[in-house]
Amino acid sequence: MRIGVVGAGKIGALRVQTVKDNPDAELAAVFDISPGAAENVTAGTDAAALTDLDAFLDTPMDAVIAVSYTHLRAHETVLDLVCRLLLE
């Protein structure tokens, strides 16, 4: 299962690690408004580190974990386009 993560802060990094540790999952992409944060959590993977939400949504994924500030509204966009969403 290809999984994307919205948010690469403290909790997002934990969710990314959970995906990395799961042999049945592949980290597809991480979106964050901070390029450094997205790059840090995707280091050592083939996952895309993205700061553009449209590019993130264009990435083939089976599920998305959204761990971001609600005022950014990224989770609403993801929910409209992805059928499996874990929102924290």
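User: Where is threonine 42 placed, and what makes a run of residues a helix?

Analyst: Threonine 42 is placed in helix H2, a segment of residues 35-42 that also holds valine 41. Helices are DSSP runs of H or I with at least four residues, strands are E runs with at least two, and both are numbered from the N terminus; the run 35-42 therefore qualifies as a helix. The model is a predicted one, in which local features need pLDDT of at least 70 and side-chain atom pairs count only at pLDDT 80 or more, while totals for chains, interfaces and linings use all residues. Residues are numbered from 1 along each chain as its sequence is written, and side-chain values use heavy atoms, with hydrogens and water left out.

User: Why is threonine 42 called buried?

Analyst: Its relative accessibility is 6%. Buried means under 20% relative accessible area, exposed means over 50%, and partly exposed lies in between (1.4 Å probe, protein chains only), so threonine 42 is buried. Valine 41, at 11%, is buried by the same criterion.

User: How do you know which polar contacts the side chain of threonine 42 makes?

Analyst: The side chain of threonine 42 reaches the backbone oxygen of alanine 38 at 3.0 Å, and one of its polar atoms lies 3.3 Å from the backbone oxygen of glutamate 39. A polar contact is a pair of N or O atoms within 3.5 Å (within protein, one must be able to donate a hydrogen and the other to accept it, and residues adjacent in sequence count only if both atoms are side-chain atoms). Both distances fall within that limit, so alanine 38 and glutamate 39 are the partners named here.

User: Which residues farther along the sequence do threonine 42 and valine 41 touch, and what makes these contacts?

Analyst: Contact means heavy atoms within 4.5 Å. Leaving aside residues up to four places away, threonine 42 touches Leu27, Val30, Ala47, Ala48 and Ala49. With a similar exclusion of neighbours within four places, valine 41 is in contact with Ala8, Ala13, Val16, Lys20, Leu27 and Val30.

User: What can be said of alanine 47, and why does it count as buried?

Analyst: Alanine 47 lies in the loop between H2 and strand E3 (48-50). With a relative accessibility of 11%, alanine 47 falls under the 20% limit and so is buried. Its C-alpha atom is 4.7 Å from that of alanine 28, although the two are 19 residues apart along the chain. Beyond four places in sequence, alanine 47 touches Leu27, Ala28, Ala29 and Thr42.

User: What makes phenylalanine 31 and phenylalanine 56 an aromatic pair, and which geometry does the pair have?

Analyst: A search of the whole structure finds one aromatic pair. Phenylalanine 31 and phenylalanine 56 form it, with 6.2 Å centre to centre and 50° between the planes. Rings of Phe, Tyr and Trp (its six-membered ring) pair if their centres lie within 6.5 Å; planes under 30 degrees apart count as stacked, over 60 as edge-to-face and the rest as tilted. The distance of 6.2 Å thus qualifies, and 50° makes the pair tilted. Phenylalanine 31 lies in strand E2 (residues 26-31) and phenylalanine 56 in helix H3 (residues 53-57), so the pair ties together parts 25 residues apart in sequence. Both rings belong to buried residues, at 8% for phenylalanine 31 and 0% for phenylalanine 56.

User: Why is the meeting of arginine 2 and glutamate 26 called a salt bridge?

Analyst: Their side chains meet at 2.8 Å, N to O. A salt bridge is a side-chain nitrogen of Lys or Arg within 4 Å of a carboxyl oxygen of Asp or Glu, so this pair qualifies. The pair links arginine 2 in strand E1 (residues 2-6) with glutamate 26 in strand E2, 24 residues apart. Arginine 2, at 25%, is partly exposed, as is glutamate 26 at 38%. The search of the whole structure finds one salt bridge.

User: How do you know that E1 and E2 pair?

Analyst: Two strands pair if DSSP finds at least two bridges between them. Five bridges join E1 to E2, which run parallel, so the pairing is established. Within it, isoleucine 3 has leucine 27 as its bridge partner, and valine 6 stands opposite phenylalanine 31.

User: What makes E1 and E2 largely enclosed?

Analyst: Four of the five residues of E1 are buried, so the rest of the structure largely encloses it. For E2, five of the six residues are buried, and the conclusion is likewise that it is largely enclosed.
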